[in-house]
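Reader: I'm new to this and would love a close look at just one part. Could you pick a spot and walk me through it slowly?

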Amino acid sequence: MPRLEATLDRIDRRGYGAYKDLSGSHDFGLFVLFIDRVQRDPFAPPSLIRIRTKANSFDPTLFENPVRRVAFEDFLTRSVVREIRRVVRGNRGSGGSGRVEIQRTSQIVLPRTSIVVEPGYVEARMAVGLPARGRSVDARAAKTVLLEELPEVVRGGLVPAPKGGVDAERARLHIETVEDADHLRGLLPGLGLVAFVADGSVLPRESGASDRPLRDGAVPFGSPVDYRVEVELPNRGLISGMGIPEGVTLVAGGGFHGKSTLLSALSWGVYDHVPGDGRELVVARGDAVKVRAEDGRSVSGVDISAMIGDLPGGRTTKDFSTPNASGSTSQAANIAEAIEVGTSLLLVDEDTSATNFMIRDERMRELVRREPISPFIDLVRPLHRSLGVSTVVVVGGVGDYLDVADRVILLEDYVPIDATPRSREVTRKFPPRAPLAERDVLPPRERAIDTSSIDLRRGKRQTARGRGLHTIELGSERVDLSYLEQLAEAGQTEAVARVIREWAAAGEVRGVGELVREALASVSEKGLDSLGTYRGHPGEMSLPRAQELAAAINRVRPLRAAPKT
Ligand code: ADP
Ligand code: MG
């Protein structure tokens with residue numbers, strides 16, 4: 001610390017580049033500050049720092065296994081966010097002067113690079129805008145940030161009470177909440193369920209732009225008796241809720257009665273949520289994929305023949321490529337790719353589906369004879385029977401789906417009702433006029449991807465990086481991930497970009513599933529830091545799922561991929 005102070009005094013008012021002299025480690029007694037990368041000027045992205053406490057005096061049961069450790073690290077990230085808000089004044093000059101940051105979180109708990117908890121220390125990976133007046137060093141402001149604010153953030157956010165400000169009881173609640181959700185998700189296969197929604201859950205969100213729970217007027221979830229399941233959780237004990245069994249489940253109901261809200265909660269149920277989210281005990285199979293139409297996406301060598309037969313001109317769909325898919329072909333590709341990487345549950349919302357992909361009525365069957373599309377309604381049962389892939393499908397308008405549903409959950413004023421018996425009456429009263437054209441489906445052939453076709457060149461450099469939540473920049477191309485509805489955080493996008501960078505560098509022809517599984521196995525063994533650090537600082541990453549990782553590579557253009565032989 002004296003060295004840091006002396007250096008700051010020495011470089012005061014000098015050109016901004018003089019901040020380089022701060023690089024390296026500084027002992028603060030309570031912790032060590034590592035200044036890993038010094039920004040070039042006050043307007044550049046902030047400088048990268050790490051803070052490592054000298055001891056870890058938290059109760060070791062808070063991080064005694066991998067699930068707890070991830071939850072505890074998530075808790076500490078939020079605790080640092082809170083302390084930054086409380087302590088740091090921010091803006092102290094030009095550009096990002098005086099900003100202190102840690103990775104932003106969502107409502108979801110994920111492994112991240114922001115905090116590392118080890119038995120001997122806690123390390124926070126952060127960024128600081130080193131203060132400038134104009135373009136020269138402002139040592140006085142820098143002293144306030146580094147010598148006053150930072151230590152206070154550390155004491156308040158990374159050290160347990162009574163010495164520091166971290167409340168062990170709140171930490172325990174956080175960890176136990178995550179542990180229960182993880183346990184609950186693990187129970188699903190054994191119970192023959194694909195998803196579970198606990199009674200009392202709050203599903204609606206504050207707004208379309210906020211993932212926080214709706215506070216005023218939210219109707220808490222109450223399970224219909226026929227689907228009520230009771231389960232025992234390690235911390236919460238006995239709870240009840242709606243279990244959604246394997247097979248085909250229809251969620252029906254009038255417009256604005258909460259159908260999409262329920263489906264969306266299920267789609268986020270692949271992740272664990274923070275206490276207070278309302279969806280803490282809403283879980284789905286971890287490999288569930290929400291699929292939708294995505295016209296305009298590129299498709300490379302995907303076998304969509306189970307859903308779409310040969311195209312005009314005799315073009316085969318066993319090896320389908322296009323730079324610009326239609327609504328129906330994009331949705332078919334999304335499903336084929338989800339099955340290829342592995343899924344046991346598809347989530348489909350009529351709102352975001354291509355109509356001609358979902359259904360074809362008798363009149364159209366009669367009029368249009370040369371239709372390559374087998375509508376999803378004909379495939380939804382065979383998908384379960386032949387491939388073990390269940391579906392939850394939300395419908396408001398298409399009653400034909402009643403014929404293929406194993407069960408119907410009707411939402412009325414946000415309250416779910418078991419409408420299966422009533423739907424049977426309806427189908428007796430209005431029988432289908434044309435028989436279902438159901439047939440067995442084969443799994444799509446897995447593809448081999450030639451990763452040397454991923455071009456990272458941008459001028460003289462090679463780039464692969466995340467740009468916010470929805471974009472990956474690969475060389476001079478941008479990969480659009482806007483329609484990956486289960487991508488939760490920009491940190492996941494960054495991690496995906498870095499994995500793709502490694503694939504591109506290796507330049508191999510490999511199966512998609514193989515690539516994805518190997519990459520994630522390596523990350524789970526060696527940690528997210530193994531995807532790249534700068535002098536020990538990894539930047540901001542969160543763990544992606546196999547499904548989003550595969551989805552990202554599948555959207556790279558141009559990508560050489562063909563069915564594996
Ligand atoms: P649908 O898909 O059936 O048309 P949505 O799921 O889009 O309906 O929900 C319509 C509106 O109702 C949304 O604004 C949503 O936030 C709200 N909503 C959904 N579920 C609930 C609930 N349980 N309590 C209160 N409001 C809800
Ligand atoms: Mg809807």
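Author: Let's start with Ile472, which stands opposite Val479 in strand E30. The two strands here are E29, covering residues 471–474, and E30, covering residues 477–480, and they pair in the antiparallel sense over 4 bridges. Keep in mind that you're looking at a predicted model. The hairpin of E29 and E30 has 2 residues between the strands, and Gly475 takes a positive phi near 55° there.

Now hop over to ligand 1. It has 14 residues around it, and Val219, Phe256, Lys259, Ser260 and Thr261 come nearest. Check the polar atoms next: an oxygen atom of ligand 1 is 2.8 Å from an N or O atom in the Lys259 side chain. For Ser260, a polar side-chain atom lies 2.9 Å from an oxygen atom of the ligand. Tyr414 joins in too, with an N or O atom of its side chain 3.2 Å from an oxygen atom of ligand 1. Taken alone, ligand 1 exposes 570 Å², and the protein buries 79% of that.

Stay with Tyr414 for a moment. You'll find Tyr414 in the loop between strand E23 (407–412) and strand E24 (415–418). Is Tyr414 buried or exposed? Its relative accessible area is 39%, so Tyr414 counts as partly exposed. Tyr414 also belongs to a nonpolar patch on the surface, together with Val219, Phe256 and Val415. Those four residues have about 420 Å² of accessible area together. Two names there should ring a bell: Val219 and Phe256 are among the residues that come nearest to ligand 1.

Notes. Residues numbered from 1 in each chain as written. Chains lettered and ligands numbered in written order. Predicted model: local features only at pLDDT ≥ 70, side-chain atom pairs only at ≥ 80, totals over all residues. Heavy atoms only, no water. Patch = residues over 30% accessible without salt bridge, like charges linked within 9 Å, V, L, I, M, F, W, Y side chains within 5 Å. Areas by Shrake-Rupley, 256 points an atom, 1.4 Å probe, with all protein chains shown as cover. Salt bridge = Lys/Arg side-chain N within 4 Å of Asp/Glu carboxyl O. Buried < 20%, exposed > 50% of the residue type's maximum accessible area, 1.4 Å probe, protein only. Pairing = 2+ DSSP bridges. Near = heavy atom within 4 Å. Polar contact = N/O pair within 3.5 Å; in protein donor to acceptor, adjacent residues only side chain to side chain.
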